[in-house]
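Subject: Structure handover

Hello,

Here is the structure for you to look through. My notes on it come after the structure itself.

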Amino acid sequence: MAKPKTFDTRRQAGFTAIAAFCFIVLYLPIVLMVIFSFNSGLALTSWEGFSLSWYVTAWHNEVVQAATIRSVIIATVATVVSTLVAVLAALVMGRGKPFRGRSAMFALINQPLMVPEIVTAVSLLVVFAWVKTTTGYSGLGYLILAHSAFCIPFAFMPVRARLQGMDQTLEQAAADLYASSWQTFRRVTFPLLWPGVLAGAMLAFVTSLDDVVITEFVKSAGQDTLPTYMLGQMRRNLTPETNAIATVLLVFSVVLVVAFFFVSRENHAKAQL
Amino acid sequence: MAATQPNTDLVAANRRETRNRWLLLLPAIVILLAAAIGPLIVVVLYSFLVAGDYGGVVWHFSWDGWLGVFTTSDPFDGTLSLADAHISILWRSVKLSALTTLFCLILGFPTAYFIATRPVSQRDGWMLLITIPFWTNLLIRTFAIMGLIRNEGLVNGFLEWLGIIDQPIQMMFTDFAILLGMVYVYLPLMVLPLYASMERLNFSLIEAAYDLYATPFRVLRRVIIPAVKPGVVAGSILVFVPSLGAYVIPRILGGGTQLMLGNLIELQFGQARNWPLGAALSLTLLVMVTAALIVYVRASANEGE
């Protein structure tokens, strides 16, 4: 067969069709879920007209309110803790001389990513069950500690990446001009680091907010977060209320991810300068 | 004396530097010890203890937890036999994870290639479309799949409306449902590393192959696939590892009947009240995942040579 003049060497038969199929498949179930959150009827499949009633129902549901507040408290504290801790660690790990224990430290920080969530969940269940009976404390502290730990690698990665691409001559210049090491950090290092810190904090927040498995095993009675509440609803009674809650959570995550995308693109553009 | 003075200064400075370094690392070490690595060590310990009657453990050394992974002991005479239930769950976990990896590769490879062959200015946008589902709550995506395949779901509703079927097709609580859910949820994990490899693909090699009268299929097999092999390996591991440890997807889409390893572990800490067995099963999963990661590290190290 003769090659046509416009033969595209990059083309592979059927690849574009499969790609199109993938993009449709990735979004179709989510879009349908969102559409049915606006259904006026109780059914999850037959469309009975547009209505916001399920959002209103969810808004007035006291259990949902409590779970939302709990989710936000846990995610906020875990984000602050993990980001602080990750920035301190990244300042050591992100640059400077290699030192003894450096690779062990990397392994420790990345451990929550390597170990399957279910394994971390049951190990925390075991340890926290013992601490609970010994101390009698059964507050949100366990969930906050667990979330802080598994958020550390997410907060760590962007900060470290930022540090590695950072121009060190500015800090040397500050030191040459007799800035103290704190002044150098406060006035030079931290402002340069800030986009990475922001990106890391956003990733940590989304990760904490979305967590199901570890929360499900660590939580005490009556400590449902929004995802574990939804997990419970999926087994019991499914109404479009679950769709409505899922949609709100979805929109929130998407906004954060898109914001992250632009923050890191900004980072990238600046690094190119 | 004067010559040694700067030397001791240097030693002191070094010592101070080391101390500051570990002071900065200390908060991370404390939190990770308390809520990540420490509990894991406790699980190792628990896997060698005796199960308590109402959950928990009795502090007495025993191999029962580990023996229970593959065997069951007869309640009357104590003879061991293979635990068919556990083996079939382990097999289902490995089989479904391998199939998930395969289907993600079949779908993800052309998608990554499609994105890598777009104009540079468009690629970030296409990748954002892959990244958004990746950062969307796993529970929500599983729920979205459930909305499609339930007996009262959209697929069955649509087929009934068309008049193709009278009775809904039972898709929930089957291996198919779990497979579908896992492919859907983990597909972005395949596309991300594949794209990273393909972005660096040297397209003049492809042109050279066509100049030498290669067919498009031969170009794919002999030029493109070998060049992006690191991405294929990375993507496959990134999909296989979380599939093996999946818990939420089989719990929702597989129901109480089609268990995977993650659900079997939960069962031991819940209804079955056999914590040592649950601990041993958790470590079995961890070993499988670590083995997969080691294969990956070896493979990528070989690529680097």
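The notes below go from confidence to the contact between the chains, then the core, then single residues.

Confidence

This is a predicted model. Its scores are ipTM 0.89 and pTM 0.89. For chain B the average pLDDT is 88, and 97% of the residues score at least 70.

Contact between the chains

Chain A puts 65 residues into the contact and chain B puts in 66 residues. On the chain A side, the elements that give two or more residues include helix H1 (15–37), helix H5 (117–135) and helix H11 (240–272). H1(A) supplies the largest share of that side, with 12 residues. By residue type, the chain A side splits into 51 nonpolar, 10 polar and four charged.

Helix H5 of chain A

H5(A) is one of the helices on the chain A side of the contact. It has 19 residues and spans 26 Å from its first C-alpha to its last, close to the 27 Å expected at 1.5 Å a residue. Its buried residues include A:Glu117, A:Thr120, A:Val122, A:Leu124 and A:Phe128. After H5(A) comes A:Gly136, which has a positive phi, near 80°.

The largest nonpolar core

The largest nonpolar core has 156 residues. Those that touch the most other members are A:Ala86, A:Val122, A:Leu124, A:Ile152, A:Ala155 and B:Leu187. Of these names, A:Val122 and A:Leu124 were met above as buried residues of H5(A). Helix H7 (residues 175–199) of chain B gives the most to this core, 15 residues. The core also takes at least three residues from each of domain 1 (1–43) and domain 2 (83–304) of chain B. The C-alpha centres of these two domains lie 41 Å apart.

What does B:Leu187 touch, leaving out residues up to four places away in sequence? On chain A, the partners are A:Cys22 and A:Leu26. On chain B, they are B:Cys104, B:Leu107 and B:Gly108.

Two buried residues

B:Leu281 is in helix H13 (residues 275–304) of chain B. It counts as buried because it has 30 C-beta neighbours inside 10 Å, and the cut-off for buried is 20 or more. Apart from neighbours within four places in sequence, B:Leu281 is in contact with B:Val69, B:Leu261, B:Leu264, B:Ile265 and B:Gln268. B:Leu281 and B:Val42 are 239 residues apart in sequence, and their C-alpha atoms are 14 Å apart in space.

A:Trp54 is in helix H2 (residues 53–60) of chain A. It has 23 C-beta neighbours inside 10 Å and therefore counts as buried. Not counting residues up to four places away in sequence, A:Trp54 touches A:Ser37, A:Pro240, A:Glu241, A:Asn243 and A:Ala244. A:Trp54 and A:Met234 are 180 residues apart in sequence and 16 Å apart in space, C-alpha to C-alpha.

Loop residues of chain B

Most residues other than glycine have a negative phi. Two loop residues of chain B are worth listing with that in mind.

- B:Phe173 is not a glycine, but has a positive phi of about 60°. It lies in the loop between helix H6 (154–162) and H7 of chain B. B:Phe173 is partly exposed, because 17 other C-beta atoms lie within 10 Å.
- B:Tyr213 is not a glycine either, and its phi is positive, about 65°. It sits in the loop between helix H8 (203–211) and helix H9 (216–227) of chain B. B:Tyr213 counts as exposed because it has 8 C-beta neighbours inside 10 Å.

One more loop residue is B:Tyr54, found between strand S1 (50–51) and strand S2 (57–58) of chain B. Why does B:Tyr54 count as exposed? It has 6 C-beta neighbours inside 10 Å, and the cut-off for exposed is 12 or fewer. B:Tyr54 and B:Arg273 are 219 residues apart along the chain, and their C-alpha atoms are separated by 6.4 Å.

Regards

Definitions and conventions:
Residues numbered from 1 in each chain as written. Chains lettered and ligands numbered in written order. Predicted model: local features only at pLDDT ≥ 70, side-chain atom pairs only at ≥ 80, totals over all residues. Contact = placed C-beta atoms within 7 Å. Helix = DSSP H or I, 4+ residues; strand = E, 2+ residues; numbered from the N terminus. Nonpolar A, V, L, I, M, F, W, Y, C, P; charged D, E, K, R; others polar. Expected span 1.5 Å × (residues − 1). Core = buried A, V, L, I, M, F, W, Y, C linked by C-beta atoms within 7 Å. Domains from an automatic or database assignment. pLDDT = per-residue confidence, 0-100.
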